[in-house]
Amino acid sequence: LTFPVGDSYCTLILGGWGGGVTGLSNIDQMAAVENETTDYVEFQQDRWYRVRLRVAEDKLEAWVDDRQIVDVLTKDRKFSIWWEQEPARPFGIASWNTAAAVRDIQLRPLEPKAEQAADGK
């Protein structure tokens, strides 16, 4: 899942590197398999998973079902994507050397921070 982060882009990897690797590619030029978001989920065939991604001004978070797999601050970090994800910009879903299916995609804006709402910004 490729998505914008400020003026850049990032990709949420689910089931990468031949199996269950999850994480963000790329943070500070490090792939999902080599940065602090690296995790592993044993994905089963023919089963639906609920995936959530939250992109806030200062933080990125992601979940598979109820398990949080990404929780990273964005300040002073560089986000980028591999050239293979370029066609998925600005927001897209792709699979590589496998099959994937999606359903019930929902997008919604985040509510403004309380202090921003209070002063109308």
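**Group meeting: a walk around a predicted model**

Okay, let's start with T74: with a relative accessibility of 11%, T74 counts as buried, because the cut-off for buried is under 20%. Keep in mind that we're looking at a predicted model. So where is T74? In the loop between β7 and α1. And what does its side chain reach? The side chain of T74 gets to the backbone oxygen of E57, at 3.1 Å.

Now to L107, which also lies in the loop between β7 (67-73) and α1 (114-119). Is L107 buried or exposed? L107 comes out at 65% relative accessibility, so we call it exposed. L107 also helps to make a nonpolar surface patch of about 500 Å², together with F91, I93, V102 and I105.

Next up, rings. How many aromatic pairs does the structure hold? Just 1 aromatic pair. The partners are F43 and Y49: their ring centres are 5.1 Å apart and their planes sit at 80°, so this pair is edge-to-face. In case that sounds like jargon, a pair of aromatic rings is described by the distance of the centres and the angle of the planes. As for F43, its relative accessible area is 29%, so F43 is partly exposed.

Stay with Y49 for a second. Which residue puts its charged end over the ring of Y49? That's R47, 4.0 Å from the ring centre. There's a similar story elsewhere: R52 has its charged end over the ring of W63, 4.2 Å from the centre of that ring.

That's my tour, thanks!

Terms used:
Residues are numbered from 1 along each chain as its sequence is written. This is a predicted model: local features need pLDDT of at least 70, side-chain atom pairs count only at pLDDT 80 or more; totals for chains, interfaces and linings use all residues. Side-chain values use heavy atoms; hydrogens and water are left out. Patches are made of residues with over 30% relative accessible area and no salt bridge: like charges are joined within 9 Å, nonpolar side chains (Val, Leu, Ile, Met, Phe, Trp, Tyr) within 5 Å. Accessible areas come from the Shrake-Rupley method with a 1.4 Å probe; for residues, only the protein chains shown count as cover. A salt bridge is a side-chain nitrogen of Lys or Arg within 4 Å of a carboxyl oxygen of Asp or Glu. Helices (H or I, at least four residues) and strands (E, at least two) are DSSP runs, numbered from the N terminus. Buried means under 20% relative accessible area, exposed over 50%, partly exposed in between (1.4 Å probe, protein chains only). Rings of Phe, Tyr and Trp (its six-membered ring) pair if their centres lie within 6.5 Å; planes under 30 degrees apart count as stacked, over 60 as edge-to-face and the rest as tilted. A charge sits over a ring if NZ of Lys or CZ of Arg is within 6 Å of the ring centre and within 35 degrees of the ring normal. A polar contact is a pair of N or O atoms within 3.5 Å; within protein, one must be able to donate a hydrogen and the other to accept it, and residues adjacent in sequence count only if both atoms are side-chain atoms.
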